[in-house]
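Here is a short report for a reader new to this structure. Take a look at the fold before reading on.

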Amino acid sequence: MSLSPSGESDERPAELLVTDPRQKKLGKDPRTGKSYSEIQDSWYGLADVPEASEDSISTVQLGITSPASGNYHLQVIGTATGRYTLEVTAYDQECKSSKVVFDHKRIRKGVVHTYRLHYSSQAGEAVQILS
């Protein structure tokens, strides 16, 4: 999963916090300042992604190497007013990918956008948005 600024600003307007089917968390809650890394074989951090203009934008990336099948609760928690693009990419047991993109979503500081996702490692199963 990756979250990057979109629109006029290169400032990242939000943080990501995901809860897996076992209720383990990964990411950062800016409301409390607490970071979570409870999901085994996972990572969360910043990556500078080059832009066509030779500048780079700071993107939050979250990865789970061996995700459990089931429902995931993803929160995008606003840290500033702006727009973001959220990209969720998942791979099945045959390494085939499926992707969902939420483009140019507007958010403000303190606002939480919640996404419920269903992931299955079974061959041919795409990541599903539940709400």
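The text below covers the sheet, the nonpolar core and two loop residues.

**The sheet.** This is a predicted model. In it, 6 strands form an open sheet. Their order is 4-3-2-7-10-11, and the pairing is antiparallel. Strand 4 (34–37) and strand 11 (128–129) are the edge strands. Each of these pairs on one side only. Strand 10 and strand 11 are joined in the antiparallel sense over 2 bridges. Leu117 has Ile129 of strand 11 as its bridge partner.

**The core.** The largest nonpolar core holds 24 residues. Leu3, Leu16, Leu74, Val76, Leu86 and Tyr115 touch the most other members. Several strands give two or more residues to this core, among them strand 2 (14–19), strand 7 (70–78) and strand 10 (112–119). Strand 6 (56–64), strand 8 (82–91) and strand 9 (97–107) do so too. Strand 8 gives the most, with 4 residues. In soluble globular proteins, nonpolar side chains tend to be buried together.

What does Leu3 contact, leaving aside its neighbours within four places in sequence? The list is Arg12, Ala14, Leu16, Thr59, Val60, Val76, Tyr84, Thr85 and Leu86.

**Two loop residues.** Asp41 is a residue other than glycine with a positive phi. Cys95 is another residue other than glycine with a positive phi. The table sets them out.

| Residue | Phi | Loop | Relative accessible area |
|---|---|---|---|
| Asp41 | near 55° | between strand 4 and strand 5 (42–50) | 45%, partly exposed |
| Cys95 | near 65° | between strand 8 and strand 9 | 63%, exposed |

Key:
Residues are numbered from 1 along each chain as its sequence is written. This is a predicted model: local features need pLDDT of at least 70, side-chain atom pairs count only at pLDDT 80 or more; totals for chains, interfaces and linings use all residues. Side-chain values use heavy atoms; hydrogens and water are left out. A nonpolar core is a set of buried Ala, Val, Leu, Ile, Met, Phe, Trp, Tyr and Cys residues joined through side-chain atoms within 4.5 Å. Buried means under 20% relative accessible area, exposed over 50%, partly exposed in between (1.4 Å probe, protein chains only). Contact means heavy atoms within 4.5 Å. Two strands pair if DSSP finds at least two bridges between them.
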